[in-house]
Amino acid sequence: MSIVQTVSPEQASGKVAEIYAQIEQRFGRVYQGFQLYSASPELMEQMSQQNRYFMQHPTLGFELLAMIRMLVSEQNACAYCIGFNESMLINRGGFSVEQIAAMKVDPSSAPLSEKDKAMLLFVLKGTAEAKSIGKADLDVLRGLGWSERDIVDGLYHGARNVAVDIMFDAFKVENDF
């Protein structure tokens, strides 16, 4: 349980109940991490819209996005997000525990295409050292076929995850997976 008051799935109504129903349909239940945002239904709705956007992204795939979240959270030592995304990569993505461990030690070992790996490493660099990003970093991504939209969306996804890590850690969201 979080140190901020949230709305349980059983007590939810209105917007919160609608979003919980979507989450339950996708994940089978409403995890504590999602329940945190019930304290602010408008923010919860924005987060839900952003999640839908990335779930349907035309070029940033599930594995890449989950690795971005897991490894950004690894940089931030957010146990909840690390574990949640590890679980998704293992259970839905088919990755082994050994592959996950290797990625955490050396993100460049991620079993991705050259194109996706470049995006992953770019996002990790951007979320850890934003001021170090330069035109050359973007040129590499463009050279691999990433569009401006993809580059912006990829880094935004990682940056948004930094905010989620902060929220989960500050409000003491407990692991429930």
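What volume does the second largest pocket have? I shall begin there, with the reminder that we are looking at a predicted model. The second largest pocket has a volume of about 160 Å³. Its lining consists of Arg26, Phe27, Tyr31, Phe84, Ser87, Met88, Asn91 and Arg92. Two elements, α1 and α5, each give two or more residues to that lining, and α5 contributes the most, with four. By class, four of the lining residues are nonpolar, two are polar and two are charged.

Let me turn to the largest pocket. Its volume is about 750 Å³. There are 34 lining residues, and Arg26, Phe27, Phe34, Asn51 and Arg160 are the ones nearest the centre. The elements that supply two or more residues here are α1 (14-27), α2 (32-35), α3, α4 (62-76), α5 and α9. Helix α3 gives the most, with seven residues. The lining divides into 20 nonpolar, nine polar and five charged residues. Arg26 and Phe27, then, line the second largest pocket and are also among the residues nearest the centre of the largest one.

I now come to the aromatic side chains. The structure holds ten aromatic pairs. One of them joins Phe54 and Tyr156, which are stacked at 6.5 Å centre to centre with 10° between the planes. This pair links distant parts of the chain, since Phe54 belongs to helix α3 (residues 41-55) and Tyr156 to helix α9 (residues 148-170), 102 residues apart. Is Phe54 buried or exposed? Phe54 counts as buried because its relative accessibility is 5%, under the 20% limit. Tyr156, at a relative accessible area of 40%, is partly exposed.

A second stacked pair is formed by Tyr80 and Phe84, at 6.2 Å centre to centre and with 10° between the planes. Both residues lie in helix α5 (residues 79-91), four residues apart, which is about one turn of the helix. Tyr80 and Phe84 are both buried. They also belong to a cluster in which ring pairs link Phe27, Tyr31, Phe34, Tyr37, Tyr80, Phe84 and Phe168. Of these, Phe27, Tyr31 and Phe84 appear in the lining of the second largest pocket.

Finally, two basic side chains deserve mention. Arg92, which lines the second largest pocket, lies over the face of Phe62, at 4.0 Å from the ring centre. Lys115 lies over the face of Trp146, at 4.6 Å from the ring centre.

How values were computed:
Residues numbered from 1 in each chain as written. Predicted model: local features only at pLDDT ≥ 70, side-chain atom pairs only at ≥ 80, totals over all residues. Heavy atoms only, no water. Phe/Tyr/Trp six-rings, centres within 6.5 Å; stacked < 30°, edge-to-face > 60°. Buried < 20%, exposed > 50% of the residue type's maximum accessible area, 1.4 Å probe, protein only. Lys NZ or Arg CZ within 6 Å of the ring centre and 35° of its normal. 1 Å grid on protein atoms, 1.4 Å probe; cavity = no way out; pocket = protein on both sides within 12 Å on 5 of 7 lines; lining within 4 Å. Points joined across faces, edges and corners; volume = space filled by probe spheres on them. Nonpolar A, V, L, I, M, F, W, Y, C, P; charged D, E, K, R; others polar.
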